[in-house]
Amino acid sequence: MSILKYREREYSCHRGETILAALLRQKVDLSYGCQQGICQTCLLRSNIRPPDYAQINLTNNQRSKNCFLACQWQPEEDITLMPIESRDFVNARVVSKSLLSQDVLRLTLEFHKPFEFHAGQFVNLKKSEQVIRSYSIASTPNHSNTVEFHIRLFNKGQFSQWAFNELALGDVLLVSEAKGNCIYSSEYTDESLLLIGTGTGLAPLLGIVTDAFEHGHSGRIHLFHGSHYSEGLYLNTKLTQLSEKYENFYYSGCVSREASAAFFNGRANDKAFSQYPDLKGWRVFVCGNPEMVKDSQKRAFLNGASCGHIFSDAFVLNQ
């Protein structure tokens with residue numbers, strides 16, 4: 001066991017436990033988001049040099065200051081921790097709220113100035129210093145300076161419950177800069193794209209598909225969206241219409257816990273990889289449940305996709 005000193009108090013950290021998990025277990029108010037080492041919301045500083053695995057995707061400047069991801073570091077020694085107070089957030093106003101399904105909210109924010117992002121990236125949305133959550137962008141850059149998100153309701157979700165029940169039109173949210181490399185590039189308009197998403201992992205994939213359409217993508221695009229039950233395929237009508245409009249776009253809805261005559265029965269990634277056993281030359285995008293994402297990354301590679309052509313975002317399931 002190691003001792004963590006934070007804001008003049010000491011906390012225990014068990015062997016194999018991350019710093020974030022240890023602090024949250026002892027009721028410390030700490031900002032966090034994805035818990036996957038991606039969003040950087042839980043960034044802290046240390047009095048000693050952190051291991052490389054706790055500094056993945058940090059800048060050289062951050063590394064030199066002993067910054068690290070609290071959700072990744074499992075320390076074996078005593079550490080003094082220091083907060084990082086300054087984070088870049090900008091204001092955005094709520095201009096639209098609507099339900100895509102019983103438990104999925106479409107939230108649209110408007111920025112005073114142009115907000116730079118690529119379709120498929122994610123941002124951190126801040127309710128308070130203690131409640132910051134990561135959400136992928138479901139839209140593409142546009143002249144109206146608006147950004148769309150799909151937010152799933154969780155029974156104990158501090159952010160999602162607030163967004164569904166209290167957040168009102170005209171309210172202002174703090175939004176971080178856009179992050180992530182799960183994006184479309186106009187450099188490969190003739191290549192085939194395979195997209196696999198579960199739940200609201202569909203959101204960034206919708207942005208990527210729309211971006212591809214806007215750039216005149218000519219290669220094959222096949223989107224698989226999976227859910228336990230058919231009501232979870234909340235954009236089925238829209239995606240079906242898109243498949244009718246674009247000859248090179250294919251959509252497959254998949255349900256894993258009910259028998260359905262309208263959709264494929266089984267998991268989305270199982271269906272995708274059985275239909276496309278040879279992915280050499282393809283670009284693969286996977287978003288959603290962390291276990292599904294990890295499994296799909298491996299299977300995409302085994303089916304021939306290059307490591308550099310596999311893009312992913314794993315979603316936290318307790319927001």
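# Salt bridges, helices and a few loops

Me: Starting with Arg-49 and Asp-52: buried or exposed?
Reply: Arg-49 is exposed, and Asp-52 is exposed as well. This is a predicted model.

Me: What does Arg-49 form with Asp-52?
Reply: A salt bridge, in which the closest N and O atoms are 4.0 Å apart.

Me: How many salt bridges does the structure hold?
Reply: Nine. One of them pairs Asp-103 with Arg-152, with the closest N and O atoms 2.9 Å apart.

Me: Where do Asp-103 and Arg-152 lie?
Reply: Asp-103 is in the loop between strand 6 (89-101) and strand 7 (104-111), while Arg-152 belongs to strand 10 (residues 146-152), so the salt bridge ties together parts that are 49 residues apart in sequence.

Me: And how does Asp-103 count by accessibility?
Reply: Asp-103 has 30% relative accessibility, so it counts as partly exposed. Its partner Arg-152 is buried, with a relative accessible area of 19%. The cut-off for buried is under 20%.

Me: Switching to helices. At what angle do helix 6 and helix 7 pack?
Reply: Helix 6 (residues 268-275) and helix 7 (residues 290-302) pack at about 5°, and their axes are 10 Å apart. That angle makes helix 6 roughly parallel to helix 7, because angles under 35 degrees count as roughly parallel.

Me: Which residues make the contact?
Reply: From helix 6, Asn-269, Asp-270 and Phe-273; from helix 7, Met-292, Asp-295, Ser-296, Arg-299 and Ala-300. Sorted by class, the contact of helix 6 with helix 7 has three nonpolar, two polar and three charged residues.

Me: What does Arg-299 form with Asp-295?
Reply: Arg-299 forms a salt bridge with Asp-295, and the closest N and O atoms are 3.1 Å apart.

Me: By how much of a helical turn are Arg-299 and Asp-295 separated?
Reply: About one helical turn, because Arg-299 and Asp-295 are four residues apart in helix 7. In general, an α-helix has 3.6 residues a turn, so residues three or four places apart point the same way.

Me: How do Arg-299 and Asp-295 count by accessibility?
Reply: Arg-299 counts as partly exposed at 23% relative accessibility. Asp-295 counts as partly exposed too, at 28%.

Me: Which residues are joined into one network by salt bridges that share partners?
Reply: Arg-267, Asp-270, Asp-295 and Arg-299. Asp-270, Asp-295 and Arg-299 also appear in the contact of helix 6 with helix 7.

Me: Now helix 4. What should it span, and how far apart are its end C-alpha atoms?
Reply: Helix 4 (residues 202-214) has 13 residues, so at 1.5 Å a residue it should span 18 Å; its end C-alpha atoms are 18 Å apart, which agrees. The expected span takes 1.5 Å times one less than the number of residues.

Me: How many of the residues of helix 4 are buried?
Reply: Eleven of its 13 residues are buried, which leaves helix 4 mostly covered. Among them are Leu-202, Pro-204, Leu-206, Ile-208, Asp-211 and Phe-213.

Me: What phi does Gly-216 take, just after helix 4?
Reply: Gly-216 takes a positive phi of about 65°.

Me: OK, non-glycines now. What is phi of Glu-8 near?
Reply: Phi of Glu-8 is near 65°, positive in a residue other than glycine. Most residues other than glycine have a negative phi. Glu-8 sits in the loop between strand 1 (2-6) and strand 2 (9-13), and it is exposed, with a relative accessible area of 75%.

Me: And what phi does Asn-66 have?
Reply: Asn-66 also has a positive phi, about 65°, although it is not a glycine. Asn-66 is found in the loop between helix 2 (60-64) and strand 4 (67-69). This residue is buried, at a relative accessible area of 17%.

Me: Another Asn: is Asn-145 buried or exposed?
Reply: Asn-145 is buried, with a relative accessible area of 17%. Its place is in the loop between strand 9 (132-136) and strand 10. Not counting residues up to four places away in sequence, Asn-145 touches Leu-109, Glu-110, Phe-111, His-112, Lys-113, Pro-114 and Phe-115.

Me: Last one. Where is Glu-177 found, and which residues is it in contact with?
Reply: Glu-177 is found in the loop between strand 11 (172-176) and strand 12 (193-198). Leaving aside neighbours within four places in sequence, Glu-177 is in contact with Asp-88, Phe-115, Phe-122 and Val-123. Glu-177 and Thr-41 are 136 residues apart in sequence and 12 Å apart in space, C-alpha to C-alpha.

Methods: Residues are numbered from 1 along each chain as its sequence is written. This is a predicted model: local features need pLDDT of at least 70, side-chain atom pairs count only at pLDDT 80 or more; totals for chains, interfaces and linings use all residues. Side-chain values use heavy atoms; hydrogens and water are left out. Helices (H or I, at least four residues) and strands (E, at least two) are DSSP runs, numbered from the N terminus. Buried means under 20% relative accessible area, exposed over 50%, partly exposed in between (1.4 Å probe, protein chains only). Axes are lines fitted to C-alpha atoms, for helices over the stretch in contact, and angles run from 0 to 180 degrees between N-to-C directions. Angles under 35 degrees count as roughly parallel, over 145 as roughly antiparallel, 65 to 115 as roughly perpendicular and the rest as oblique. Contact means heavy atoms within 4.5 Å. Ala, Val, Leu, Ile, Met, Phe, Trp, Tyr, Cys and Pro count as nonpolar, Asp, Glu, Lys and Arg as charged, and the others, Gly among them, as polar. A salt bridge is a side-chain nitrogen of Lys or Arg within 4 Å of a carboxyl oxygen of Asp or Glu.
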